[in-house]
Amino acid sequence: KGASMLTPVGAGPNVARCGSFPENIEIQFTGSGIDTGGGIFSSAASTCTNTTTGRIFDLKSTDTYQNGDAVFIETDSFTPVLNPATCVSTNTQAVPFRVAGGTGVYAGATGQGRFHLASNEPSCNGLAVPARVSFEGVLQLAQ
């Protein structure tokens, strides 16, 4: 179990990964969090977003712990829903993720889980604040 914050740091076309531009863009994030398995970590994440539908797809994150070891995370696609009264977008049901290996002690790790996202929509209220992610899952180290 754990939680993290992610802040967008860049966005633009990546046709090879995300498909046609301007309908699809790639967004990069940095952040940090904490979980019960490894403690404090920093995150470097990126995703593709369909600017017409809001669908988020090919989201990948590298979570690096204080000892330098990292876990690679990949998620299913999802479409957050905006509450125009609060300017907050959230997923309507838990989004599945997979552990796709890592480095150091996490090399060859597997596992799965689910997460929830809450993010402010700057076009709604003009505020840029980090997105919040809460998650739970199982991490299995390679034998």
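Trainee: What makes strand 8 and strand 9 count as a pair?

Mentor: Keep in mind that this is a predicted model. Strand 8 covers residues 95–102, and six bridges connect it with strand 9. Pairing asks for at least two bridges, so six is enough. The two strands are antiparallel. For one bridge you can look up, take Phe97, whose partner in strand 9 is Gly113.

Trainee: How do you know that strand 7 pairs with strand 9?

Mentor: Same kind of check. Strand 7 spans residues 88–90, strand 9 spans residues 110–120, and three bridges join them. The rule wants at least two, so three passes. They run antiparallel, and Ser89 has Ser119 of strand 9 as its bridge partner.

Trainee: And what joins strand 9 to strand 10?

Mentor: Nine bridges, with the strands antiparallel and strand 10 made of residues 131–140. You can find Ala118 opposite Arg132 of strand 10.

Trainee: Why is Ser119 called buried?

Mentor: Its relative accessible area is 19%. Buried means under 20%, so Ser119 qualifies. Ser119 sits in strand 9, and leaving out residues up to four places away in sequence, it touches Cys87, Val88, Ser89 and Ala131.

Trainee: Let's go to the other strands. What makes strand 2 and strand 3 a pair?

Mentor: Strand 2 (residues 24–35) and strand 3 (residues 39–50) share 12 bridges and run antiparallel. With at least two needed, 12 bridges make them a pair. A hairpin of three residues leads from strand 2 to strand 3, and Asp35 has Gly39 as its bridge partner there.

Trainee: How do you know that strand 3 pairs with strand 4?

Mentor: Count again: eight bridges, set against a minimum of two, so the answer is a pair. Strand 4 holds residues 56–65 and is antiparallel to strand 3. Phe41 is bridged to Tyr65 in strand 4. Five residues lie between the two strands in their hairpin, and Gly54 in that turn has a positive phi of about 85°.

Trainee: Why is the link of Cys18 and Cys48 called a disulfide?

Mentor: Their sulfur atoms are 2.1 Å apart. The cut-off is within 2.5 Å, so the pair counts. Cys18 is in helix 1 (residues 15–18) and Cys48 is in strand 3, so this disulfide ties together parts 30 residues apart in sequence. The torsion about the S-S bond is -70°, and the link is left-handed.

Trainee: What makes Cys87 and Cys124 a disulfide?

Mentor: Here the S to S distance is 2.0 Å, and that is within 2.5 Å, so this is a disulfide as well. Cys87 is in the loop between strand 6 (81–83) and strand 7, while Cys124 is in helix 2 (residues 122–125), 37 residues apart. The S-S torsion is about -60°, so this disulfide is left-handed.

Trainee: Are these two cysteines buried or exposed, and why?

Mentor: They split. Cys87 has a relative accessible area of 8%, which is under 20%, so Cys87 is buried. Cys124 comes out at 33%, between 20% and 50%, so Cys124 is partly exposed. Back in the other disulfide, Cys18 and Cys48 are both buried.

Trainee: How many disulfides does that rule give, and what pattern do they follow?

Mentor: Two disulfides. Number the bonded cysteines along the chain and you get the pattern 1-2, 3-4.

Note on methods. Residues numbered from 1 in each chain as written. Predicted model: local features only at pLDDT ≥ 70, side-chain atom pairs only at ≥ 80, totals over all residues. Heavy atoms only, no water. Helix = DSSP H or I, 4+ residues; strand = E, 2+ residues; numbered from the N terminus. Buried < 20%, exposed > 50% of the residue type's maximum accessible area, 1.4 Å probe, protein only. Contact = heavy atoms within 4.5 Å.
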